[in-house]
Every structure is written in C-alpha cells, then in structure tokens.
Amino acid sequence: MSLVEFDGALVMAFADAASNNQIRVIRNSGKNTWTLVTAAVLDANGSPITTHSALNLMPYGGSLLLVVNDNGGNIYTYFYDRNTSHWVNRLIQGTSNGSTKAGPLQTKYALSGVSFQGSAYVVFTDKANGAPSIMTTAAGS
Amino acid sequence: MNSTTESNDAIAAVAGSDAPAAEALPPVVFPRDRRKYTRHLSPLHADPGLELFESPEHEAFGDGLIFVDAQGNSFTQSPPSVNYFPNAAGQSFSFGQILALAGDFYGLPSQPISDASGDAAQQQRFIQAFNTLYDEPLVFGTSMALNILSIIQDQSNAVNAAVAQIQAAQPKATDVWSQAYSQTNAGDQFDQRYNLATGASNMVPWWASKGRYLQLAATNWDHFGTHAVATYRAGHACALQAAASGDYQRAYFLEAFACHFLTDLFSAGHLRTPRKTLHTNNPAADLCSRLMHDEDSYNGLVVQDNSANPTSWIAYGDKRLNDTLNATNFSRARNAVQISLNEVINALSTRDPSPTYGALVLTPNLSLVANATDTRNWSPLYIAVNGEAQQRVVLTDLRCRKWSDDFLYSSTYWDMPAGGIHSLTGAPPDAGTVPAHPVSWQSHRIIGSNQDDLAPSAAMVTNYDSTLTNTLPQTMLSGTPTPGQLDTAQQNTLCAVFRKTSSDSSNHHVHFLAMPMTDAPAFKVYTSSDISIGTSPTMTTNGGDPAIVPIIGGLLLVVPGNDGTLYQANWFLASQTWSTSTSNGRQFAFNATDSGNYKLLAPSGGDAAPRVAMCNLGAPACISRSRRARCRRAPATSCSRPIPVRASSTHRGRSPTWGRTARNSFRKRTSA
C-alpha cells in the first residue's frame, strides 16, 4: 500500500486482497472517514490490474502518479485524470544502467518513490540486473 | 477575490538607466544543479527577465494579414519578398519582423512606456522606443536588426527541425513546440546570440555583459497585463495618427510595433504575472517572475474576452503558440491583430485619427483571469496584494491556494524546477485528459550485487546546518536550518531500506543506504549497511519488507521482525546511527508519542508480515522551512480541506525560532 498527502487530503492506494488484489484508491479529507476514489485501477483494455502490493503514490507535475509493479512484472505509471476519475496508464519505458536504448523497466518486488524538486525518484529492484536501482524523471547530466 | 492585477500607481519599481551595455556586475545568480531538470522543463536562464513570446512566434503573427496601400489597393505580404515597410534609413521589414523586434530588442530600458502618466506622455515614450528601430541606419549594408533577424531565422530553423524529431518520437505529445523551443535553447545559445547582437561583449558568463536584449528584459513589464494594454493603446494611437496624415508605411510600421504588446496579451504567462511588483532591488525577484511566466505559459489559462457576450477559451503562452491546443488562442490573436490593422486602414481612408481599440475586445479579460481562487486555473505562483507580492505557500502544489508574504525569492528560485511546475497534462485543471507527453525515466543501479536485495522503501531526509542553534532537543535536531538551504541537493539525502536475503533464503537482513542528492540523478554504486538495533543485526522474514518515513533530521523505520513482532527504530542523519528510545535496543512499535504522530496502515505480527506503510501526520514542518514542508504539516489550514492532525509535542518547540528570529532575519525584503 502507499499513502501520501495530496490536494489537502490523505490518499491511499492498496491492493485489495478481498478483490483478487485489484488496486483500490481511497482518500480521507478530514472527517476520519475514507471515501472511495477508484474501485479498481484499470489497464488500457479496461480490465482491472492486480499487483502483489507493489505500488507507490507520489505527487508529480501537479498531479498524482501511481507507480505499479503488476503481477506480470511490468512497471506502469498511472496518472489520475480528475475529469474522468480514471487512472491513465503508461508502461514505464526507461534506460537501465546508463544504456541509451529505452525499454520496459521491470521488477518483481515492491517499489518506493519520493518527489524532490519537481522530479520523481523511485527505488526498486531492477529485474534487468537484480540490483536495487533508482529510476528517475530527472534528466542526466 | 485574490487579485494579481497591478496598477502603475501602486508599484514602486523603477527602471534603470539606458547606459549602453555597461559591463555591469553580474546579477546575483544562485547556482543550481541543472541535472535535476526534467527534459521537458524550460531551460534555466540565469538572468532576470527574458519573458517573451519566442521571437519566431512573434514573427508568425505577421503572416496572412491584409493591408491597403495609399491608393486603396489591398495587398498581403507574399514570399519571396515580404519586406514592404521601410524605416527612415531605408531598411525594409515585414510586419511580422517589426512585431518580433519591437520591445524585445528595440526600446528604451529605462523608460517603460506604461510608466508614463497620461496618454500623451505614453505616446511620446512609445515614439522614442519606436525610433530606436525606425531610425536605425544601415552601415555597410548591415544593421543590428538584420543580425537579429538572422538569429531569429536560425532559431526558427532549429525549432522546426526539433519539432519534426519530437513528433516522430512522441506522436501523441501535445506540447511538441514547447519541448522544441526548450531543447533548442537548452544552453541559452540563442539568448546569448541575441544578447551579443544587441551590444553585449563576449564574456563569460554570457550575461555578465548586457546587451539591449537583456537590459530590456529586466524592465519588461510593458509586455504584461494592464501595462501591455497601456503600451498597445499608446502605439496604436500613434499608428492611427500617422495613418490619418496619409503616411501609410510609417503607420503600418508603428502598428506592427504596437501589435507586439497586443499579441503579448494572448500569452498566458503575461496575463496574471505581477511583473512589475516582482521587479525589486533583488534580482532573484525577476527570476521568480520568469518562473511564474513560464509556469502559466506552459499550463495555460482559461480566459474570457471583453465582449458583451463573452467567449471562453484556453490561452497558452510562450513556446506554445503553435501547439495544437493553442490553435483557438492563436486564431483569436491573429484576428485581434487584423482588427487593429483594419482600424489603421480605416484611418488611412477617412483621415480620422480618433483612437479606437476594437482589438482589445478580443483580448482576455485581465480582471477575471487575475482571480486567483478560480479553480478552472491552477493556482498562481504569485499574487500582488497592495503592491506587495505574495507567494504560493506550497510551491510544488498547483492546487494550493494559500499565499504568503513570508518567503525568500532566492529560496524559491532554489526550490522550483526551471520553468515552474508543469502540470502533467500541460493544460488547466479541468481541460487535460492525458499527459502532455510520456513521462521519461532513467534507471541507475545503486547496489553492486545482482540479487537478493529486495523491496526497498525510500524517504528523503533533510539535513541541517549544525552551526546554528535551535530550541529543540539535540537528540532530534542538531541545528537550525538556514532558510533557502534546506531544499538544496546538498542538504537532502535519499534513504532506502530493503530486505537482503541470504543465498539459501534462510534469513533476511534489513539493510540501509543513505545517498546524498548531490549524486542525483545518476547516483552511483553504494555499499549498504546491515541495520543493527542493539547488539544484533535486525532480521525480518520473507515478505517482511521494511518501511521508512522521514522525521526531523532522520528516519523512522518500522519492520516486521523475524519473531512476529513489529519493531521501530530511528536513524539520525547527523550521527549516522540507528537507535531506539529504549535500553534493550529493540522496541515494540509504537511508543506512546509516535503512535500519536504516525499511522501504521497494515496488520502487524505474523511471519508473513505484509509490507507496512506509514504516514507522518505531525511533521515535517519542522524539518524544513520550505513551503512544501509546511503544507505537509497542516494541509487543513494551508491548502484546502481540513484534516485532523495531532501536533507533535516534539515539533511544537520549533515554532518560536522560525516565527521570530529567522523570519525577521531573512524576510524577502532584506535579502539580496
């Protein structure tokens, strides 16, 4: 599960064991009650994605990013569209170990992210080499 | 209503002298780690001002306009020869070229037109500014203007090439032109060339010598809001007077010069930025005005025209003129220019110099767009209240609608990414549906081994300046931070804990890494340490992933132990050690104080302990004085809806320090 403060509320995403580990997103805006934001985060085909609890919320670009390692080992970035209340997904493409060739970034394990000075940093175990790594939106020098 | 509207009368900012390109002392520039910028963010310009529609964008406004000559024959500017309008010295320009040169390259830096009192005085200043271009001679067949136009053409060519590449790589991107302009000027190369072409010496750094380009940019509030309206009105009135006298070529020349300021009124970054308020004796204030300008330009603003039956549309700004999302705004801007031009044509025909300003009906209503509480738009970075700037409390939160006068321009410049905060959609809050472009990631390994280091948890810890005093317990805080320093890479450490599993999976140690953000974004390969709380290494179970959250100057760790119990520990950046508050070295989570400050959001106990997640409810306002952290402390009062949060007794002691000494010592007015 992952919990962040965003837009004056606490927002939590978690894999719901009662629903085959589909991802639910809830928020608490101050009355000690949690309201449902998203019953199930969907993939591009409209099917609920499932995860072994490997997900992370982080503020980015004035919005929320949900980074998910799905049960297939793929890492996705979900962007919350307030208008449609949907999470728009993008398979994370990136470069590993300084490679210049972008490809899907994958992991088998949990991942954890933070925002710093407008960029996102996600610590994860990169399936490409099995080593803890940091993927970031910050441009390299 | 919070208003960002500023008037000339209320503002004390003044322009400097027009001394030609003096080798002035370099401005106070705060070095920044350029590596942190995401590639789609605008490049850093290490100098005040520079808020302009890109020059090729300005030039584009001249395309397709319809003119009428002295004989009443209509004509358009058709390639290959489009330069129909000669200046007094015989140089010929197109309408778009004059429009692009006006104000940004030609004018009097010490005499902003809108600063003059009354129509006549403003028109007089407009003519003086206009004459810097109109009277410029050709010398041996060349001139400053021709050099500038050559650079504009180079920039246009470079941007067009970049657009083709970006469109091929990101066919669904909606901010292609913005990306292209940013990429092609990433090293400030065009700004350097423009500066040199307008009289600067070739120095390092390039902005140490100021050509007229930089001098004009430093006092360019004529291009913003009500100042732009006043400047356009002055110039348009002059054009009408020339037309009424029958001098149609001078009339069009004047009109093109005036239309620069008219078209600025269709650039989102020019609508609510309190540019003049942000021109103080602190150069960082000018830099911050650029941040707001760039942020609004990229994110766009929902605007409404000034007609009796107003129409709403979304205006984007500089670098985005040609983006598809801006098509409506661009079209309205061109219509406004044609309407303005038609009034000049009418004056040519009627010989009536009476001023009419029909184009201003089409421009965005400045009063409405200045409503900072309008949730159709992102929160403005600055608002002007009684001539004083107030800054968005949470810099990085585009939804935060609280502003404060307790800030440091220099600190803001440190905190903010270049280009301001770009919304993911590249659109106003309710307008965007998809990200403006794919989020681009890079991955770098941080551990040398290739396996068994699993499931990391990360947190950012802020360091402190230990040379200063504070009122907090030394065990919690080793010093009082210096404002403006806390959000720098040098003052922050990215920490990660993870589960290190033995090769036979028989045991699982909890390991820890502390990575200085000066290593970002590529970082390097580190050696992790085994967390030992007490005398023994801390062990967990298969699946018992640890979790950390930042606390004051350190971390709070919660980990499911291999005995089925949740444990907690603290790590302090200053001492680089782990500890607990109990003597036996390990402690059941949570103790009485922490249970009030943190929420543990997972079942506890059991060998198959699930991953834990925590939320730090009480802090870390005291960790950092930055506005970002302050909102974390009290989202209920700082941003929007209330959240019941319990104040930490540990944190309360910090307030007096910042509430008095530091605030008074470092207020923005005294910083330079």
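A disulfide is a pair of cysteine sulfur atoms within 2.5 Å. This is a predicted model, in which local features need pLDDT of at least 70 and side-chain atom pairs count only at pLDDT 80 or more, while totals for chains, interfaces and linings use all residues. Residues are numbered from 1 along each chain as its sequence is written, chains are lettered from A in the order in which they are written, and side-chain values use heavy atoms, without hydrogens and water.

**Exercise 1.** State how many disulfides the chains hold, and classify B:C288 and B:C495 by accessibility.

Solution. By the cut-off above, the count over all chains is 0 disulfides. For accessibility, buried means under 20% relative accessible area, exposed over 50%, and partly exposed in between (1.4 Å probe, protein chains only). B:C288 has 0% relative accessibility, so B:C288 is buried. B:C495 is buried because its relative accessible area is 0%. Across chain B, 62% of the 672 residues are buried.

**Exercise 2.** Describe how helix α8 (residues 225-244) and helix α11 (residues 327-350) of chain B pack.

Solution. Helices are DSSP runs of H or I with at least four residues, strands runs of E with at least two, numbered from the N terminus. Take axes as lines fitted to C-alpha atoms over the stretch in contact, with angles from 0 to 180 degrees between N-to-C directions. The axes of α8(B) and α11(B) come within 7 Å and cross at roughly 30°. Angles under 35 degrees count as roughly parallel, over 145 as roughly antiparallel, 65 to 115 as roughly perpendicular and the rest as oblique. Therefore α8(B) is roughly parallel to α11(B). Contact means heavy atoms within 4.5 Å. From α8(B), the contact uses B:Y232, B:H236, B:A239, B:L240, B:A243 and B:A244; from α11(B), B:S340, B:E343, B:V344, B:A347 and B:L348.
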